[in-house]
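Take a look at the chain below. Keep the sequence beside the picture as you read.

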Amino acid sequence: MKKLKIMLPILLILLLMTAPAMADEAENLTDGLTVKVVDKAGKVKAITDGSYKSFWESSSRKEPWVVISSDKPIYGLYLCFQKIPDTYVIQKASGEDWVTVAEGGNPRYHHVFFELDGLKKIRILSTMEKKNVMGFNEIYAFGQGEVPCWVQRWEAPVEKADLLFLIAHPD
């Protein structure tokens, strides 16, 4: 009983010390987004419907784009491409103009996450020189906080790596 009286306060102190280290998960703002597309607006709901099987895709054109707006600031943008352009940019609205805040396409990942600075209006714009198609299975937007664990955050491969590969053979 005496050990329990000593251990319980120590355990409580340890729990209190770790509580601030656990960050809150970022709010998923996707349901509250307003989405506008360059064309084929009839399928725009597929971008935020939560079903990876549905998709929106532009017609073949120069510089296809998607604009998303939110009442709440967006700190994270997760793009799940269905048709990925070779090059594209993420832009923020600045008055009547658009200002590039991030570039994508090199390397070309079909799922890509961008950290943003609390933007409320964002444009995803293909910057390819020729006509092309851009499409999305899903676009997710997040508020401040820890990004959910299901969001894929790919990193570029290393230029050079040493590798030791050992195989145990049964005989």
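What follows is a walk from the whole chain to single residues.

This is a predicted model, in which local features need pLDDT of at least 70, side-chain atom pairs count only at pLDDT 80 or more, and totals for chains, interfaces and linings use all residues. Residues are numbered from 1 along each chain as its sequence is written, and side-chain values use heavy atoms, with hydrogens and water left out.

Start with the elements. The protein chain holds one helix and seven strands. Here helices (H or I, at least four residues) and strands (E, at least two) are DSSP runs, numbered from the N terminus. Read from the N terminus, the order is α-β-β-β-β-β-β-β.

Next comes burial. A residue is called buried under 20% relative accessible area, exposed over 50%, and partly exposed in between (1.4 Å probe, protein chains only). Of the 171 residues in the protein chain, 36% are buried. Accessible areas come from the Shrake-Rupley method with a 1.4 Å probe, and for residues, only the protein chains shown count as cover. The protein chain exposes about 11800 Å². Carbon and sulfur atoms supply 55% of that area.

Contacts tell how the chain folds back on itself. Contact means heavy atoms within 4.5 Å. Take the contacts between residues at least 6 apart in sequence: 76% of them join residues at least 24 apart.

Now go to β1, residues 34–37. In a regular strand the side chains alternate between the two faces of the sheet. β1 shows this alternation. V35 and V37 point to one face and are buried. T34 and K36 point to the other face and are not buried. Which strand does β1 pair with? Two strands pair if DSSP finds at least two bridges between them. β1 and β3 are joined by four bridges and run antiparallel. T34 has S69 in β3 as its bridge partner.

Move on to the loop between β1 and β2 (56–57). D39 sits in this loop. Is D39 buried or exposed? D39 counts as buried because its relative accessibility is 15%. Leaving aside neighbours within four places in sequence, D39 is in contact with W56, S58, S59 and R61. K40 lies in the loop between β1 and β2 too. K40 is not a glycine, yet its phi is positive, at about 55°. With a relative accessible area of 45%, K40 is partly exposed.

E63 also has a positive phi of about 55° and is not a glycine. This residue lies in the loop between β2 and β3 (65–83). E63 counts as partly exposed, at 42% relative accessibility.

Strand β4 (residues 88–94) contains K92. K92 is partly exposed, with a relative accessible area of 32%. Not counting residues up to four places away in sequence, K92 touches D97, W98, V99, V101, L119 and K121. The C-alpha atoms of K92 and A102 are 9.5 Å apart, with their positions ten residues apart along the chain.

Turn to the aromatic rings. A pair of aromatic rings is described by the distance of the centres and the angle of the planes. Rings of Phe, Tyr and Trp (its six-membered ring) pair if their centres lie within 6.5 Å; planes under 30 degrees apart count as stacked, over 60 as edge-to-face and the rest as tilted. The count comes to eight aromatic pairs by this rule. In one of them, the ring centres of F81 and Y88 are 5.0 Å apart and the planes meet at 55°, so this pair is tilted. F81 is buried, at 1% relative accessible area. Y88 is buried as well, at 3%.

Y109 and W154 form a stacked pair, 6.0 Å centre to centre with 20° between the planes. The pair links distant parts of the chain, 45 residues apart. Y109 is in the loop between β5 (97–104) and β6 (111–126), and W154 is in the segment after β7. W154 counts as exposed, at 52% relative accessibility. Elsewhere, Y78, Y140, F142 and W150 form one aromatic cluster.

End at the segment after β7 (135–142), where I167 lies. I167 counts as exposed because its relative accessibility is 65%. L163, F165 and I167 make a nonpolar surface patch of about 430 Å². Patches are made of residues with over 30% relative accessible area and no salt bridge (a side-chain nitrogen of Lys or Arg within 4 Å of a carboxyl oxygen of Asp or Glu). Like charges are joined within 9 Å, and nonpolar side chains (Val, Leu, Ile, Met, Phe, Trp, Tyr) within 5 Å.
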